[in-house]
Amino acid sequence: MSTLLIRLAGPMQSWGLKSAFELRNTQLDPTKSGVIGLLCASLGRERNEPLNDLTALRMGVRIDKPGDLAFDYQTALNVAKADGGKPDTQLSHRAYLADAAFWVGFEGDVVLLKKLHHALLNPVWPQFLGRKSYLPGIPLVDPHNACLGLPLEQALQQAPRMQAEHEKINGTPVKYIIDSEAQEGTEQRHDVPLSFEINHRAFTFRSVKSSWGLVDTEEVLYV
């Protein structure tokens with residue numbers, strides 16, 4: 001089994017799960033729908049195209065820098081009303097993670113993973129971290145060493161520790177969130193996309209298991 005490692009680090013990122021209307025929230029770690037959306041943008045896959053091959057991949061996240069939860073206050077002018085009334089100004093509060101850094105791993109067929117690796121290096125459409133204005137601060141993948149012949153858990157454990165230059169966090173545990181069979185101790189998340197088609201967006205559940213552990217390398221990636 002092989003694993004593709006993706007690094008999500010930047011000044012701002014947002015991974016909405018229950019966002020609607022004026023309040024747009026963010027999860028504290030990347031959602032499967034958000035990262036698959038990033039893969040679709042890289043592949044140039046249209047909204048109405050199937051997602052089965054991507055959703056079947058087993059996903060894991062390692063939180064190297066949780067970042068700070070912050071809110072962006074926005075206003076939009078001349079927003080149309082559902083009742084046909086006069087357009088009005090709307091307020092919007094949008095949550096985001098400031099200065100966060102995550103490793104995301106996808107485990108599956110090596111042919112598909114190599115195709116995704118190529119697409120992440122040569123994207124068809126712009127890449128962003130949850131929202132179009134939130135750009136990656138570093139390349140999303142290592143051009144030479146992102147697709148590993150390792151199981152998901154082992155690949156995440158061996159990824160370099162992402163940290164700021166002034167930080168001294170060697171030996172500090174990090175949080176892992178891994179797709180898992182539903183059982184005691186797992187959490188249900190409603191973030192597996194069935195369709196991104198406008199007006200027909202649909203999602204289903206997955207089970208994840210969270211744990212804390214050490215990083216199995218002394219290699220460091222400054223972000």
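Let's start with Glu107, which is buried, its relative accessible area being just 12%. Keep in mind that this is a predicted model. Which residue meets the Glu107 side chain in a salt bridge? Its partner is Arg58, with 3.3 Å from N to O. Arg58 sits at 26% relative accessibility and so counts as partly exposed, because buried would need a value under 20%. In terms of the fold, Arg58 belongs to strand S3 (residues 58-65) and Glu107 to strand S5 (residues 88-108), so this salt bridge links distant parts of the chain, 49 residues apart.

Now move over to Lys32 and Asp179. These two also form a salt bridge, and their closest N and O atoms are 2.9 Å apart. Lys32 is part of helix H1 (residues 32-43), while Asp179 is in strand S8 (residues 174-179), so the contact ties together pieces of the chain 147 residues apart in sequence. Both Lys32 and Asp179 are buried.

Next up is Asp191 with Arg206. Here the salt bridge has its closest N and O atoms 2.7 Å apart. Asp191 comes from strand S9 (residues 187-195) and Arg206 from strand S10 (residues 202-213), so the parts being tied together are 15 residues apart in sequence. Are Asp191 and Arg206 buried or exposed? Asp191 is buried, and Arg206 is buried as well.

So far these have been taken pair by pair, but there's a link to add: through salt bridges that share partners, Lys32, Asp179, Asp191 and Arg206 join into one network. Zooming out, the salt-bridge count comes to 10, with the Arg58 and Glu107 contact among them.

Technical notes: Residues are numbered from 1 along each chain as its sequence is written. This is a predicted model: local features need pLDDT of at least 70, side-chain atom pairs count only at pLDDT 80 or more; totals for chains, interfaces and linings use all residues. Side-chain values use heavy atoms; hydrogens and water are left out. A salt bridge is a side-chain nitrogen of Lys or Arg within 4 Å of a carboxyl oxygen of Asp or Glu. Helices (H or I, at least four residues) and strands (E, at least two) are DSSP runs, numbered from the N terminus. Buried means under 20% relative accessible area, exposed over 50%, partly exposed in between (1.4 Å probe, protein chains only).
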